[in-house]
Amino acid sequence: MRSATMPSLTEIPLILGELLVLLVKLLFFFLEACYRLVVPPSRKDVAGKVVLITGAGHGMGRCTAKRFAKLQARVVIWDINEAGNSRTVKEIQSSGGEVYAYTVDVTKKEKVYEAAEKVKKDVGKVDILINNAGILVGELLLELTDDQIQRVMNVNVMAHFWTIRAFLPDMLSANEGHLVAISSAAGYFGKNFLVDYSASKFAVTGMDESLELELMKNYDNANIKLTIVHPYIVKTGLVHGYTSRFMPILEEDDAADTIVDGILRNRRKVFIPSDLRLSVVFKYIMPHKSYLALADFFKSETCSQGKQD
Ligand SMILES: NC(=O)c1ccc[n+]([C@@H]2O[C@H](COP(=O)([O-])OP(=O)(O)OC[C@H]3O[C@@H](n4cnc5c(N)ncnc54)[C@H](O)[C@@H]3O)[C@@H](O)[C@H]2O)c1
């Protein structure tokens with residue numbers, strides 16, 4: 001049986017001192033958050049910075065890449081889909097942006113490490129890494145094949161391990177860098193037909209939170225920024241057959257605007273739409289059955305992709 005260690009009498013003043021410091025910190029951070037609601041942090045300058053985006057051959061990745069190129073960043077795009085990548089390159093170059101494209105399957109760890117070395121040689125140290133590539137099958141757990149489940153985990157979460165392990169050491173050496181994870185609303189809420197997908201996105205959420213602590217406690221508060229993005233449904237083609245009573249389906253350009261703005265302002269967590277944050281709060285403070293009843297009332301449903309096609 002575990003037992004809590006009771007503080008000795010001599011430790012009590014120390015603990016009371018720490019408690020006081022904690023209360024001051026809590027108040028300060030709360031007031032800071034309120035202030036930041038009114039006066040957002042300013043946007044950082046990314047001109048000349050190397051921004052690598054996985055899955056930039058389509059959807060939000062492409063839109064995000066185009067925005068960073070417009071801000072004069074040196075954009076590196078990775079995608080398994082060569083044709084998609086080429087289209088992104090064309091669109092960026094036609095508006096005068098700088099872009100480097102690599103065909104990479106982010107699930108193949110050796111290929112990721114190889115491509116990472118190539119990027120470092122061709123373009124330089126990556127300043128901002130955006131792990132965006134993702135897939136979704138949308139089927140009942142028992143209807144999925146083993147391979148489909150494995151692939152969802154490989155693309156949506158394992159790839160983050162490979163890319164971060166490839167680029168974080170240089171960021172640590174320079175004591176500067178920014179890691180961005182595109183998770184999902186399904187990284188906070190379970191969803192019908194999304195057992196595998198939601199599991200992968202919850203994993204990304206856990207990875208991000210633990211990495212933050214790891215960097216703080218083991219790397220002397222290294223100056224590495226982290227941003228995690230939780231979009232709801234965005235019209236990119238990734239999700240078919242979605243219905244909701246109240247939640248709007250978002251346009252990819254609007255989502256990309258919010259993602260880029262969040263990164264430039266070094267926001268820690270970005271919810272798209274922003275009021276999604278409230279649902280997270282409700283989820284954790286409500287009795288579980290009330291939460292399920294509320295979710296049912298909203299009638300936000302992801303349907304089987306197979307049955308939609
Ligand atoms: N669309 C949504 O409703 C939605 C909602 C929440 C979160 N997200 C997340 O946002 C991210 C982007 O989604 P999207 O809607 O723009 O998707 P998308 O399908 O439009 O684009 C995903 C891109 O990832 C690439 N990709 C897939 N597997 C890859 C691999 N193994 N290696 C390299 N590239 C690979 C695809 O080729 C594609 O270009 C994903 O992580 C997704 O899970 C999307």
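The largest share of the lining of the largest cavity, four residues, is contributed by helix α6. This report treats a predicted model, and it begins with the enclosed space to which that helix contributes.

## The cavity

Rolling a probe the size of a water molecule over the atoms shows where empty space is left. In this model the search finds one cavity of 30 Å³ or more. The volume of the largest cavity is about 80 Å³. Its lining consists of Asn131, His160, Ile164, Leu179, Val180, Ala181, Val204, Met207, Asp208, Leu211, Leu226 and Thr227. Two or more of the lining residues come from each of α5, β5 (177–182), α6 and β6 (224–231). Sorted by class, the lining of the largest cavity holds eight nonpolar, three polar and one charged residues.

## The two pockets

Open spaces are described next. The table places the cavity beside the pockets.

| Space | Volume | Lining by class |
|---|---|---|
| Largest cavity | about 80 Å³ | eight nonpolar, three polar, one charged |
| Largest pocket | about 1,300 Å³ | 15 nonpolar, six polar, 10 charged |
| Second largest pocket | about 770 Å³ | 22 nonpolar, 13 polar, five charged |

The largest pocket has a volume of about 1,300 Å³. It is lined by 31 residues, and those nearest its centre are Asn266, Arg267, Arg268, Lys269 and Arg277. Two or more lining residues are given by each of α1 (12–38), α6, β6, α7 (252–264) and β8 (269–272). Of these elements, α1 gives the most to the lining of the largest pocket, namely seven residues.

The second largest pocket contains about 770 Å³ of space. Its lining comprises 40 residues, with Asn132, Ala133, Gly134, Ile135 and Leu238 nearest the centre. The elements α2, β2 (74–79), α5 and α6 each supply at least two residues of this lining. The greatest contribution to the lining of the second largest pocket, three residues, is made by α2.

## The ligand and its surroundings

In which pocket does the ligand sit? The ligand occupies the second largest pocket. There are 30 residues around the ligand, and His58, Asp79, Tyr197, Val234 and Thr236 come nearest. By class, the shell around the ligand divides into 15 nonpolar, 11 polar and four charged residues. Three helices, α2 (59–70), α5 (146–174) and α6 (195–218), each supply at least two residues of this shell.

Several polar contacts can be described individually. Two of them involve the protein backbone. A polar backbone atom of Val106 is 3.0 Å from a nitrogen atom of the ligand. In Asn132, a backbone N or O atom lies 2.7 Å from an oxygen atom of the ligand. Asn132 is also one of the residues nearest the centre of the second largest pocket. In Lys201, by contrast, a polar side-chain atom takes part, at 2.9 Å from an oxygen atom of the ligand. The ligand on its own has 820 Å² of accessible area, and the protein covers 93% of that area.

## Two points in the backbone

The backbone also has features that a reader may locate in loops. What kind of peptide bond joins Ile272 and Pro273? The bond between Ile272 and Pro273 is cis, with omega about -5 degrees. Pro273 belongs to the loop between β8 and α8 (276–285). The strand β8 that precedes this loop is among the elements giving two or more residues to the lining of the largest pocket.

A second feature concerns Gln72, whose phi is near 70 degrees, a positive value in a residue other than glycine. Gln72 is placed in the loop between α2 and β2. Both α2 and β2 supply at least two residues of the lining of the second largest pocket, where the ligand sits.

Technical notes. Residues are numbered from 1 along each chain as its sequence is written. Side-chain values use heavy atoms; hydrogens and water are left out. A residue is near a molecule or strand if one of its heavy atoms lies within 4 Å of it. A polar contact is a pair of N or O atoms within 3.5 Å; within protein, one must be able to donate a hydrogen and the other to accept it, and residues adjacent in sequence count only if both atoms are side-chain atoms. Accessible areas come from the Shrake-Rupley method with a 1.4 Å probe; for residues, only the protein chains shown count as cover. On a 1 Å grid over the protein atoms alone, a cavity is a set of points where a 1.4 Å probe fits but cannot get out, and a pocket is an open set with protein on both sides within 12 Å along at least five of seven lines; lining residues have an atom within 4 Å of a point. A molecule sits in a cavity or pocket if more than half of its atoms lie within 2 Å of its grid points. Ala, Val, Leu, Ile, Met, Phe, Trp, Tyr, Cys and Pro count as nonpolar, Asp, Glu, Lys and Arg as charged, and the others, Gly among them, as polar. Grid points are joined across faces, edges and corners, and a volume is the space filled by probe spheres set on the points.
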